[in-house]
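Q: Could you walk me through a model I have open here? I'd like to go through it piece by piece.

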Amino acid sequence: MRFIAVAVILCAGCFWPTASAHPRKEWTKLILTQQWPQTFCSVEKHCTTNVSFWTLHGLWPDSGMMCNTSWHFNASLIEDLIPEMKKYWPDLLEPSSPEFWEYEWKKHGTCAAKADSLNSQHKYFSKALELYKKFNLTNVLESNRIVPSEQQHYTLDEVETAITSFYNVKTKIQCVHPVKGGQVQILGQIEICVDRDFQLIDCHKSIEEICSNDIPAVSVSGQSELRVCDHSTPVYYPPVLSRS
């Protein structure tokens with residue numbers, strides 16, 4: 001099962017109703033979602049990566065999904081963005097395929113496009129890249145001495161403090177939770193929220209938002225699903241695996 005194209009573990013656990021069941025209200029918030037590639041590959045059988053920075057998962061409005069299924073993804077419209085997208089928004093399972101971007105556009109981009117500022121594929125993907133670089137999560141964590149480590153674990157408070165001290169807003173931090181008998185949770189995904197003017201705001205963790213923006217969580221490769229991190233469990237931030 002594809003992890004990155006359908007993102008089955010990097011979200012909280014609500015199952016999707018049909019698209020027609022979602023009210024077509026205007027979105028008020030965008031969720032810039034970044035994932036840690038080493039965690040992604042730790043739960044995917046056919047994934048290896050030496051990427052040592054956080055990568056884009058998506059830019060998600062807080063309302064609606066698949067708002068215009070007739071508005072098809074066209075890679076030629078974002079040709080100038082492709083080099084950066086391959087680097088910062090990669091499909092870790094199928095690096096040469098645009099399938100991941102196509103999925104994100106169909107599900108989230110067509111809803112974000114209700115705003116004039118995002119009403120084309122080029123505007124949507126370029127804005128996601130712009131926000132990703134502006135809110136450089138890799139640098140924020142490193143500057144606060146939160147770095148990938150095989151030996152050192154962190155508390156969730158330490159990770160939250162590092163992020164909040166820079167952004168001055170609440171983010172949503174998600175981990176792969178341990179299976180029975182496990183002692184650590186694995187840092188996997190972080191969501192940063194902005195308003196319609198692309199200014200930072202708090203990410204609230206309401207049930208409505210979880211169910212309208214996240215994809216069902218399932219167990220993969222013996223690991224528990226990824227969901228909001230637990231304050232009582234040490235956080236493991238896995239380093240880049242060495243390859244023989």
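**Starting from one strand residue**

A: Keeping in mind that this is a predicted model, we can begin with T33, which is found in strand β1.

Q: OK, is T33 buried or exposed?
A: T33 is buried, as its relative accessible area is 0%.

Q: And which residues does T33 touch, leaving out those up to four places away in sequence?
A: Its contacts are T55, L56, H57, G58 and W60, together with Q189, I190 and E191.

Q: E191, you say; which residue is the bridge partner of E191 in β3?
A: That is K172, whose bridge partner in β4 is E191, and the two strands concerned, β3 and β4, pair in the antiparallel sense over five bridges.

Q: What else does β3 pair with?
A: Strand β6, residues 226-228, also pairs with β3 in the antiparallel sense, in this case over three bridges, and within that pairing V176 stands opposite L226 of β6.

Q: How many residues of β3 are buried?
A: Five of the five residues in β3, which runs over 172-176, are buried. Both faces are covered, with K172, Q174 and V176 buried on one side, and I173 and C175 buried on the other.

Q: Switching to helices: how many residues does α4 have, and what does it span?
A: Helix α4 covers residues 121-134, which makes 14 residues, and the distance from its first C-alpha to its last is 20 Å, close to the 20 Å expected at 1.5 Å a residue.

Q: Which of its residues are buried, and what covers them?
A: The buried residues of α4 are Q121, Y124, F125, K127, A128, L129, L131 and Y132. Their cover includes the helices α2 (82-88) and α3 (99-112), as well as the strands β1 (29-35), β2 (55-61) and β4 (185-195).

Q: There's a lysine in that list, K127; what does K127 form a salt bridge with?
A: K127 forms a salt bridge with E130, and the closest N and O atoms are 3.2 Å apart. The two residues are three places apart in helix α4, so about one helical turn separates them. As a general point, an α-helix has 3.6 residues a turn, so residues three or four places apart point the same way.

Q: Are the two ends of that pair buried or partly exposed?
A: One of each: K127 is buried, with a relative accessible area of 14%, whereas E130 is partly exposed at 42%.

Q: How many salt bridges are there in the whole structure?
A: A search of the whole structure finds three. Another of them joins the side chains of K133 and E84, at 2.9 Å from N to O. That pair links distant parts of the chain, since K133 belongs to helix α4 and E84 to helix α2, 49 residues apart. Both ends are partly exposed, K133 with a relative accessible area of 39% and E84 with 31%.

Q: And where are the residues of the R196 and E26 pair?
A: The side chains of R196 and E26 meet in a salt bridge at 3.8 Å, N to O. R196 sits in the loop between β4 and β5 (200-201), while E26 sits in the segment before β1, so this pair ties together parts that are 170 residues apart in sequence.

Q: What are the relative accessible areas of those two?
A: R196 has 32% and counts as partly exposed, and E26 is also partly exposed, at 46%.

Methods. Residues numbered from 1 in each chain as written. Predicted model: local features only at pLDDT ≥ 70, side-chain atom pairs only at ≥ 80, totals over all residues. Heavy atoms only, no water. Helix = DSSP H or I, 4+ residues; strand = E, 2+ residues; numbered from the N terminus. Expected span 1.5 Å × (residues − 1). Buried < 20%, exposed > 50% of the residue type's maximum accessible area, 1.4 Å probe, protein only. Contact = heavy atoms within 4.5 Å. Pairing = 2+ DSSP bridges. Salt bridge = Lys/Arg side-chain N within 4 Å of Asp/Glu carboxyl O.
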